[in-house]
Amino acid sequence: MATERTFSIIKPDATRRNITGKIIDRLESAGLRVVGQKRIHMTKEQAEGFYAVHKERPFYNDLVSFMISGPVVVQVLEGEDAIAKNREVMGATNPKEAAPGTIRADFAENIEANSVHGSDGPDTAKTEIAFFFSDGEIVG
């Protein structure tokens with residue numbers, strides 16, 4: 001197993017309900033360390049750029065609108081197999097399919113307002129981390 005970094009967003013539905021601490025506790029309890037973190041209100045341009053991969057999908061505009069609807073917490077997480085571990089702790093994208101005890105099973109409101117985002121692979125993690133963080137903002 002290798003130590004790696006992944007990217008995480010605590011989405012507007014979770015910040016609105018003031019459960020960021022509960023989510024971070026789940027991540028840390030699973031062995032992930034927060035090595036970069038900031039609370040931001042994404043601009044429309046940031047959200048459009050970040051989710052550009054979904055631009056042709058029917059949910060793109062709703063996703064952008066949702067992600068700019070309130071503050072988010074963007075994070076860099078580090079740990080053994082951090083990408084897989086984060087995805088395991090988050091649970092399936094659709095909270096109805098998420099395993100009991102996962103963040104999405106316990107906190108998501110629906111498939112869109114599912115409380116968290118996490119990178120799906122090493123290349124995505126690098127790109128997503130660089131989108132929001134400079135090297136100096138990540139402290140291991």
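Begin with the largest pocket, which has a volume of about 700 Å³. The structure on display is a predicted model.

**First stop: the centre of the largest pocket.** Select Y51, H54, F59, L63 and H117; of the 23 residues that line this pocket, these are the closest to its centre.

**Second stop: the elements around the largest pocket.** Next, colour the helices α3 (44-50), α5 (82-90) and α7 (122-132), together with the strand β4 (116-118); each of them supplies at least two residues of the lining of the largest pocket. Which element gives the most to this lining? The answer is α7, with 4 residues. Colouring the lining of the largest pocket by class then shows 8 nonpolar, 9 polar and 6 charged residues.

**Third stop: the second largest pocket.** Move to the second largest pocket, with a volume of about 150 Å³. For the lining of the second largest pocket, select E4, R5, I83, P122, A125, K126, I129, A130, F133, D135 and I138.

**Fourth stop: the elements around the second largest pocket.** Keep α7 highlighted and add β1 (3-10), since both elements supply at least two residues each of the lining of the second largest pocket. Here α7 again gives the most, with 5 residues in the lining of the second largest pocket. How do the residues of this lining divide by class? There are 7 nonpolar and 4 charged residues in the lining of the second largest pocket, and no polar ones.

**Last view: α7 between the two linings.** Finally, display both pockets with α7 selected. This helix gives the most to the lining of the largest pocket, and α7 also gives the most to the lining of the second largest pocket.

Terms used
Residues are numbered from 1 along each chain as its sequence is written. This is a predicted model: local features need pLDDT of at least 70, side-chain atom pairs count only at pLDDT 80 or more; totals for chains, interfaces and linings use all residues. Side-chain values use heavy atoms; hydrogens and water are left out. On a 1 Å grid over the protein atoms alone, a cavity is a set of points where a 1.4 Å probe fits but cannot get out, and a pocket is an open set with protein on both sides within 12 Å along at least five of seven lines; lining residues have an atom within 4 Å of a point. Grid points are joined across faces, edges and corners, and a volume is the space filled by probe spheres set on the points. Ala, Val, Leu, Ile, Met, Phe, Trp, Tyr, Cys and Pro count as nonpolar, Asp, Glu, Lys and Arg as charged, and the others, Gly among them, as polar.
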